[in-house]
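Biologist: Could you take one part of this model and walk me through it closely? I'd like a connected picture rather than a list.

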Amino acid sequence: MDIISLKLNNVFSYENLYINFQDTDFSLFIGKTGSGKTAIFDGLLWTLYDRTARKSYSKIKVVRDVPIKQKECFGEIIILSDDGLEYTIKRKYIMNVLKLELYQNGDNISQRTPTLVQEQINDIEIGRAHV
């Protein structure tokens, strides 16, 4: 799997984050403690699997501390699978209600429920990550 890009909105410490991984052979994140390096990896995991490496985070704590009317968080990751297909995964919580979408080469292939979409995501041949 190759990660093409990551977008996070109101996820952990990030109000708006976009990272394009296509322009480099590798990525290196450097910063002081608490600057959000681990939050990038947690954002990847959260977008893909609705969990993080830090077990202390619940779904509610993923959302940045923003006013109640803006209680929405969003993650989007575009990956190129080992079989050459491009997948876009969009995970969004609005007022704690999940919307999950899966696209294959630009076409929405999402099943009817988030649980079924998550099963589709879990079935993608992602092989070894080039992290």
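**A close look at one helix**

Modeller: Let's start from Thr-47, which lies in helix α1. Keep in mind that this is a predicted model. Thr-47 has a relative accessible area of 0%, so it counts as buried, the cut-off being under 20%. What does Thr-47 touch, once its neighbours within four places in sequence are set aside? Its contacts are Leu-6, Leu-8, Gly-75, Glu-76, Ile-77, Ile-89 and Arg-91.

Now step back to the helix itself. α1 covers residues 37-49, which is 13 residues. From first C-alpha to last it reaches 19 Å, close to the 18 Å you'd expect at 1.5 Å a residue. Thr-47 has company in being buried: the list for α1 also holds Ala-39, Ile-40, Asp-42, Gly-43, Leu-44, Trp-46 and Leu-48. As background, an α-helix has 3.6 residues a turn, so residues three or four places apart point the same way. Right after the helix comes Asp-50, with a positive phi near 60°.

One of the contacts of Thr-47, Leu-8, leads us over to the sheet. Leu-8 has Leu-17 in β2 as its bridge partner. Strand β1 (residues 2-11) pairs with β2 in the antiparallel sense, over 6 bridges. In general, strands of a sheet pair through backbone hydrogen bonds, either parallel or antiparallel. Here the whole sheet is open and has 6 strands, running in the order β2-β1-β3-β4-β5-β6 with antiparallel pairing. β2 and β6 (107-108) stand at the edges with a single partner strand each, so one side of each has no neighbour in the sheet.

Between β2 (14-20) and α1 there's a loop, and that's where you'll find Phe-26. Is Phe-26 buried or exposed? Its relative accessible area is 62%, so with the cut-off at over 50% it counts as exposed. Together with Leu-28 and Ile-30, Phe-26 makes a nonpolar surface patch of about 420 Å².

Last, go back to the end of α1 and look across to another helix. Tyr-49 and Glu-119 are 70 residues apart along the chain, yet their C-alpha atoms are separated by 9.7 Å. Glu-119 has its place in helix α3 (residues 114-123). At 43% relative accessibility, Glu-119 is partly exposed, whereas Thr-47, back in α1, is buried at 0%.

Conventions:
Residues numbered from 1 in each chain as written. Predicted model: local features only at pLDDT ≥ 70, side-chain atom pairs only at ≥ 80, totals over all residues. Heavy atoms only, no water. Helix = DSSP H or I, 4+ residues; strand = E, 2+ residues; numbered from the N terminus. Expected span 1.5 Å × (residues − 1). Buried < 20%, exposed > 50% of the residue type's maximum accessible area, 1.4 Å probe, protein only. Patch = residues over 30% accessible without salt bridge, like charges linked within 9 Å, V, L, I, M, F, W, Y side chains within 5 Å. Areas by Shrake-Rupley, 256 points an atom, 1.4 Å probe, with all protein chains shown as cover. Salt bridge = Lys/Arg side-chain N within 4 Å of Asp/Glu carboxyl O. Contact = heavy atoms within 4.5 Å. Pairing = 2+ DSSP bridges.
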